[in-house]
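Visitor: I would like a close look at one part of this model and at how it sits in the rest of the fold. Please start from a single residue and work outwards.

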Amino acid sequence: MIRNVLSIAGSDPSGGAGIQADLKAFSARGVYGMAVLTALTAQNTQGVSGVHLVPPQFVADQINAVFADVRVDAVKIGMIANAGIAEAVAAALTDRRRIPIVIDPVMIAKGGAALLAPEAVDVLTRRLLPLATLLTPNLPEAAALLHQPVATSRDEMAAQAEQLRALGPAAVLVKGGHLDSNESPDVLATADGLHWFEARRVPTKNTHGTGCTLSSALAAELAKGASAQQAVAIAKDYLADAVAAAGKLSVGSGHGPVQHFHALWKDGD
């Protein structure tokens, strides 16, 4: 049975991040993708120049319309932008927590633009994190959620992963891509303890939408029945190959997108 996965996130018209990246990752990982828009952005590979938010009630209306008609096997939550949207998403999903929910706490764009209002962090922490099957912050996002300095070592990453898990998520994956290191380790905190996933850093500037892509791949694998550890292993391998193949694309002059369909497209086709 082909699984159905819903993304709740913002739109990236350049196609590398947000809803567009989520739907590509869903398709690449063999699930049927659906999308609820929380925001329209004016952005490209060089940065975000504008954001237009969807009214919270209409975000809830979109979610309820999907659930009223379609079997949803997993949910990925990305950009929620403000407290009102966070509250609307939490209210719509509170009675639907039986399915896997992956939260990628989108807070800052690659170019530095803020994508989450400060007052929304409290709502995200109180209302949404307890619903999460898996939370996937990078180092700056983990620090912001905990109101702590950004982790600079594996020990600090592990400590923050466990502290975030104490806020309610069943599992937390703290991503180490911002570490000053040739390695890019991630740490997964679950009820069974800590699990490390190692990866070599790929020398490329084409990393637009990596967080969106990873969290969507994770949601796809959880929808198919994988455990958190299994999903992370599969999704990390998929993303690593997508980043490695990013140079085959020619999209923009800034932080280019990853190649979501590296395993499906032949060079030059």
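Visitor: Leaving aside its neighbours within four places in sequence, which residues is Val102 in contact with?

Guide: The model is a predicted one. Once neighbours within four places in sequence are set aside, Val102 is in contact with Val75, Lys76, Ile77, Leu134, Thr136, Ser215, Leu218, Ala219 and Leu222. Val102 is part of strand E5, which covers residues 101-103. The residue counts as buried because its relative accessibility is 0%, under the 20% cut-off. One spacing helps to place the strand: from Val102 to Leu139 the C-alpha to C-alpha distance is 17 Å, with the two positions 37 residues apart in sequence.

Two of the contacts of Val102, Val75 and Ile77, lead to the nonpolar interior. In soluble globular proteins, nonpolar side chains tend to be buried together. Here the largest nonpolar core has 51 residues, and Val75, Ile77, Leu93 and Leu128 have the most contacts inside it. Helix H3 (residues 83-93) gives seven residues to this core, the largest share. A second core of 27 residues is separate from it and includes Ala171, Leu173, Ala235 and Val243.

Leu93 shows how this core is joined up. Apart from neighbours within four places in sequence, Leu93 touches Ile8, Ile63, Phe67, Val75, Ile77, Ile101 and Leu131. Val75 and Ile77 are therefore contacts of Leu93 and also of Val102. Phe67, one of the contacts of Leu93, also has a charged group over its ring: Arg96 lies over the face of Phe67, 4.3 Å from the ring centre. Elsewhere, Arg154 lies over the face of Trp196 at 5.1 Å from the ring centre. As for rings paired with rings, the structure holds one aromatic pair.

Helix H3 also has a helical partner. Two packed helices are described by the angle between their axes and the distance between the axes. For H3 and helix H4 (residues 118-128) the angle is about 10 degrees and the axes are 8 Å apart. H3 is therefore roughly parallel to H4, since angles under 35 degrees are classed that way. On the H3 side, the contact is made by Ala83, Ala86, Glu87, Val89, Ala90 and Ala91; on the H4 side, by Glu119, Ala120, Val123, Arg126, Arg127 and Leu128.

H4 brings the account back to E5. Its buried residues are Ala120, Val121, Val123, Leu124, Thr125 and Leu128. They pack against strand E4 (74-77), H3, E5 and helix H5 (139-146). Leu128, one of these buried residues, is also among those with the most contacts inside the largest core.

The connection between E4 and H3 has a backbone feature to check. Most residues other than glycine have a negative phi. Ala81, in the loop between E4 and H3, has a positive phi near 70 degrees. Ala81 is buried, with a relative accessible area of 7%. A second case follows H5: His147, in the loop between H5 and helix H6 (154-165), has a positive phi of about 55 degrees and is not a glycine. In contrast to Ala81, which is buried, His147 is exposed, at 70% relative accessible area.

Past that loop, Glu156 belongs to helix H6. Its 36% relative accessibility makes it partly exposed. Outside four places in sequence, Glu156 is in contact with Val150 and Ala151. Leu139, already used as a reference point for Val102, is 9.9 Å from Glu156, C-alpha to C-alpha, and 17 residues away in sequence.

Two further positions lie later in the chain. Pro203 is in the loop between strand E9 (193-197) and helix H7 (210-223), and is exposed with a relative accessible area of 82%. Pro203 and Asn182 are 9.4 Å apart, C-alpha to C-alpha, with a sequence separation of 21 residues. Gln259 lies in the segment after helix H8 (228-244) and is buried, at 7% relative accessible area. With neighbours within four places in sequence left aside, Gln259 is in contact with Ala242, Ala245, Ala246, Leu249 and Trp265.

Technical notes: Residues numbered from 1 in each chain as written. Predicted model: local features only at pLDDT ≥ 70, side-chain atom pairs only at ≥ 80, totals over all residues. Heavy atoms only, no water. Phe/Tyr/Trp six-rings, centres within 6.5 Å; stacked < 30°, edge-to-face > 60°. Lys NZ or Arg CZ within 6 Å of the ring centre and 35° of its normal. Core = buried A, V, L, I, M, F, W, Y, C linked by side-chain atoms within 4.5 Å. Buried < 20%, exposed > 50% of the residue type's maximum accessible area, 1.4 Å probe, protein only. Helix = DSSP H or I, 4+ residues; strand = E, 2+ residues; numbered from the N terminus. Contact = heavy atoms within 4.5 Å. Axes fitted to C-alpha atoms, helices over the stretch in contact; angles between N-to-C directions. Parallel < 35°, antiparallel > 145°, perpendicular 65-115°, else oblique.
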